[in-house]
Amino acid sequence: MYALFEGNKQIGDPFPTEKEVWEAALIEGLVTDVPVADEEGGRLLPAGYHVAPVEETFAPRSDWKLPRRDLVN
């Protein structure tokens with residue numbers, strides 16, 4: 001998972017790929033073009049912004065419960 005950061009603060013939802021983070025930044029108007037492999041380019045994100053990997057966290061839904069089983073004796 002990857003996300004967009006401003007300094008040390010994550011400012012966007014995590015995405016499975018770095019490409020999806022760049023696309024989201026493009027849609028939000030933070031960049032004017034996405035990076036292309038093997039091309040030398042200038043700064044694409046405003047100063048202080050960067051894309052970095054994040055740990056995937058799992059939080060179960062609060063409304064999810066185990067199914068009930070009727071116990072038969």
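**Close-up views of a predicted β-β-α-β model**

**View 1. Three strands form an open antiparallel sheet in the order S2-S1-S3.** Strand S2 (9-10) and strand S3 (49-53) are the edge strands, each pairing on one side only. The model is predicted. Strand S1 covers residues 2-6 and is joined to S2 by two bridges. Five bridges join S1 to S3. Both pairs run antiparallel, S1 with S2 and S1 with S3. From the N terminus on, the order of elements is β-β-α-β, that is, one helix and three strands.

**View 2. The hairpin of S1 and S2 has two residues between its strands.** Within this hairpin, Gly-7 takes a positive phi near 65°. Asn-8 also lies in the loop between S1 and S2. The relative accessible area of Asn-8 is 78%; the residue is therefore classed as exposed, the cut-off being over 50%. Between the C-alpha atoms of Asn-8 and His-50 the separation is 9.3 Å, with their positions 42 residues apart along the chain. On the strands themselves, Phe-5 has Gln-10 in S2 as its bridge partner.

**View 3. Leu-4 stands opposite Val-51 in S3.** Leaving out residues up to four places away in sequence, Leu-4 touches residues that include Lys-9, Gln-10, Ile-11 and Gly-12. Val-21 and Ala-25 are also among the residues touched by Leu-4, and Ala-25 is found in helix H1. Further along the chain, the contacts of Leu-4 include Leu-30, Leu-45, Tyr-49, His-50 and Val-51. Leu-4 and Val-51 are both members of the largest nonpolar core. In a regular strand the side chains alternate between the two faces of the sheet.

**View 4. Helix H1 (residues 18-27) lies across S1 and S3.** The helix runs at about 45° to S1. Glu-18 is found in H1 and is in contact with Tyr-2 and Val-51, leaving aside neighbours within four places in sequence. The C-alpha atoms of Glu-18 and Val-51 are separated by 7.3 Å, and the two residues are 33 residues apart along the chain. With a relative accessible area of 36%, Glu-18 is partly exposed.

**View 5. The largest nonpolar core has seven residues.** Its members are Leu-4, Val-21, Trp-22, Ala-25, Val-31, Leu-45 and Val-51. Helix H1 supplies the largest share of this core, three residues. Across the protein, buried residues make up 15% of the 73 residues. Of the contacts with a separation of 6 or more, 43% are between residues 24 or more positions apart. The accessible surface of the protein comes to about 6600 Å², and carbon and sulfur atoms account for 51% of that surface.

**View 6. Ala-25, in helix H1, is in contact with Leu-4, Leu-30, Val-31 and Leu-45.** That list leaves aside neighbours of Ala-25 within four places in sequence. The C-alpha atoms of Ala-25 and Leu-4 are separated by 7.8 Å, the residues being 21 residues apart along the chain. Ala-25 has a relative accessible area of 3%; this lies under 20%, so the residue counts as buried. Three of its contacts, Leu-4, Val-31 and Leu-45, are listed with Ala-25 in the largest nonpolar core.

**View 7. Glu-23 forms a salt bridge with Lys-19.** The closest N and O atoms of the pair are 3.2 Å apart. A search of the whole structure finds one salt bridge. Glu-23 and Lys-19 are separated by about one helical turn because they are four residues apart in helix H1. Glu-23 has a relative accessibility of 33% and counts as partly exposed, whereas Lys-19 is exposed, at a relative accessible area of 57%.

Terms used. Residues are numbered from 1 along each chain as its sequence is written. This is a predicted model: local features need pLDDT of at least 70, side-chain atom pairs count only at pLDDT 80 or more; totals for chains, interfaces and linings use all residues. Side-chain values use heavy atoms; hydrogens and water are left out. Two strands pair if DSSP finds at least two bridges between them. Contact means heavy atoms within 4.5 Å. Axes are lines fitted to C-alpha atoms, for helices over the stretch in contact, and angles run from 0 to 180 degrees between N-to-C directions. Buried means under 20% relative accessible area, exposed over 50%, partly exposed in between (1.4 Å probe, protein chains only). Accessible areas come from the Shrake-Rupley method with a 1.4 Å probe; for residues, only the protein chains shown count as cover. A nonpolar core is a set of buried Ala, Val, Leu, Ile, Met, Phe, Trp, Tyr and Cys residues joined through side-chain atoms within 4.5 Å. A salt bridge is a side-chain nitrogen of Lys or Arg within 4 Å of a carboxyl oxygen of Asp or Glu.
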